[in-house]
Amino acid sequence: MTKLIVSDVTLSFGGLNALSSVDLVIQPGLITSVIGPNGAGKTSLLNCISGFYHPTMGTITYGNHNLTKSSPHQVSNLGIARAFQNLELFSGMSVLDNLLLARHNNLKYSFLSALIYYGKASQIEAENRAYVEEIIDFMELEPYRHKTVGSLSYGVQKRVEVARALTMSPKLLLLDEPMAGMNIEEKEDVVRFIVDIQQERGITVVLIEHDLGVVMDISNQIYVLDFGELIGSGTPEEVAANPKVIEAYIGEE
Amino acid sequence: MAVNRWLATGNYFTSYRDEQRIFATHLNRLFFFAFLCCLFVWPLLFEVSNKYMLVIDNILIAIVAIIGLNLLTGFAGLISIGHAAFVGVGAYCLASFARVIGDEHILITHAWPVMIILSGLLGAVFGAFVGLPALRLKHLYLAIATLSFQMIFEWTINSMTFFNQGQTISVGRVFWFTGQVMRADHYVFWYYVVLTVIIICWFMASNLLRTRYGRSLIAVRDNDRAADAMGMHPGLTKVYAFALGGFFAGVAGALHAYLYRGVGIESFTLHHSISYLAMAIVGGLGTLNGSFWGPLAIRTLDLQVDNLAEKAGHIFSANLSLATALRPLAFGLVIVLFLMFEPRGIANWWRIVKSYTKLWPFKY
């Protein structure tokens, strides 16, 4: 199992430091949450890990690989998948096609084989379709399989977003506020999915979430960011008792 | 449960392979092949004048080019205003061979299928090269890059003596198993060739679209950030889309050169590029069958406008050159009307008709 190590990462836009020397370690097999008030730099951190931003200073390593200068497709090829906060689905396509797209790099057949769609290509496509069906089953998306993504409700689209990241068969899954804007019932569903993803599939989960109740319940490890700085870390109990965290969230007494 | 593979009703897929077939039912396939047979047989039954056969050949060649443009603009979302130049690259590939080895050389007259594929490959190379700005540019800026290729292409051909400065470079008559294809059979012969090429192209394109190589095109069109996160290089995917579009265009160009037995710059100007774009829009961007409707509709319109202009010319005075005014007017009007009222093109009408006949006599 590989660790993701973020060491001394600083990300600045002009004079503004979105992240300033953040150090954290994502342990394999666990659910790690990153929390913090709005604008704390949580999504920036995820963007740095998944390659959309490149840190101004510091390094990000995953096992033996250095992700500091990698682009998103290189990162995802290492088995790090990501679900976006603002839906970034292929909205004109069906749920099925969205998920099939996520299998892009798991499909190993040649261009010529694809042109005649015979032998390897058709065989791999069929196997692949079966794999996608397994994810659809896992994420309970059966009723929406052939629906156009754009026509689905927000909650379902969020679930498709998670499903799509999961379809890439990652070892590490980055979830950026998968429950934002959902009602209690939908939230409970997603929480169940996240716990299942970790326990049944053995995938490491990094979760960004505002709902502290959820975070405290399911996380093994929590990192707290505020104004781009890491102000606390540890198990849920440790974080809840950390005076700095209390100050950031509730303010001084 | 009994599976009825003939009708949509009772056609249960029992394997994923069944689901991924091009023809969902046997009836669909039967209709398709019956239609193909008709296309192959009718020139034998009816006597068609060379003039009309030429029009039909032209439509078919445009279809080949539009399949490429549709993959590029419709599926990958990259607007190309230089498609005629890509077609020209294919045609001039053949012309260069004619210049160097002579237009009656055995390579051109006997190995013409090889030459057609070679032209396609050269089109792909040029397409990929012109697509390189896609690594950096997006949307309209990229379209301008393709426009500049169109300009450079025209200028190069016009100023190089090797290319006869845009004047016609002749290409020899080809040979078939029955001997040289002479004037009487020329247009019918090329009708069959182009038809075969279209069928091959159509199968290749629809196969691509159900594999990773086709899905990646749609991915970069819909959301290239997400495409990046899915593990595909968005820039290279776009370059590949250009290569794909260039290949089909190059094949169309070679066919065009053989059909007219010559290559001249006047068939590959900016005007033609825009006209190709119009065909793709009117046919329906992002649908494979739109590539068939577009050329058919635009070329038929052209023909009708010519007829109308001729009739109007008898009524009005001759110094009012109505014919030259009518054509761009009708052309522009059709594009504007389609963009306003049916942006999904004729392919959408086809879809409506199909779903209607599927349910008939019921409403839903």
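**Exercise 1.** In this predicted model, work out the order in which the strands of the open sheet in chain A lie, and which strands stand at the edges.

*Solution.* Start with the order: the sheet has 6 strands, running β6-β7-β8-β3-β9-β10 in chain A, with mixed pairing. Next, look at the ends: β6 (80-83) and β10 (229-234) of chain A each have a single partner strand, so one side of each is left without a neighbour in the sheet. Finally, check the twist, which averages 15 degrees from one strand to the next.

**Exercise 2.** Do β9 and β10 of chain A run parallel or antiparallel, and how many bridges join them?

*Solution.* Find β9(A) at residues 221-226; its partner β10(A) runs antiparallel to it, and 5 bridges join the two. For a landmark, pick A:Leu225, which stands opposite A:Leu230 in β10(A).

**Exercise 3.** Find which strands α6 and α7 of chain A lie across.

*Solution.* Take α6(A) to begin with: residues 154-167 lie across β6 and β7 of chain A, at about 170 degrees to β6(A). Then turn to α7(A), which lies across β3 (31-35), β7 and β8 (204-208) of chain A and makes an angle of about 150 degrees with β8(A).

**Exercise 4.** Split chain A into its domains and describe the side of domain 1 that touches domain 2.

*Solution.* First, the split: domain 1 covers 1-79 + 170-253, while domain 2 covers 89-169. Their centres are 26 Å apart over C-alpha atoms. The contact uses 11 residues from domain 1 of chain A and 10 from domain 2 of chain A. On the domain 1 side, α2 (72-77), β7 (172-176) and α7 (184-199) of chain A each give at least two residues, with the largest share, 3 residues, coming from α7(A). By type, that side has 7 nonpolar, 3 polar and 1 charged.

Notes
Residues are numbered from 1 along each chain as its sequence is written. Chains are lettered from A and ligands numbered from 1 in the order in which they are written. This is a predicted model: local features need pLDDT of at least 70, side-chain atom pairs count only at pLDDT 80 or more; totals for chains, interfaces and linings use all residues. Domain bounds come from an automatic or database domain assignment. Two residues are in contact if their C-beta atoms, placed from the backbone, lie within 7 Å. Helices (H or I, at least four residues) and strands (E, at least two) are DSSP runs, numbered from the N terminus. Ala, Val, Leu, Ile, Met, Phe, Trp, Tyr, Cys and Pro count as nonpolar, Asp, Glu, Lys and Arg as charged, and the others, Gly among them, as polar. Two strands pair if DSSP finds at least two bridges between them. Axes are lines fitted to C-alpha atoms, for helices over the stretch in contact, and angles run from 0 to 180 degrees between N-to-C directions.
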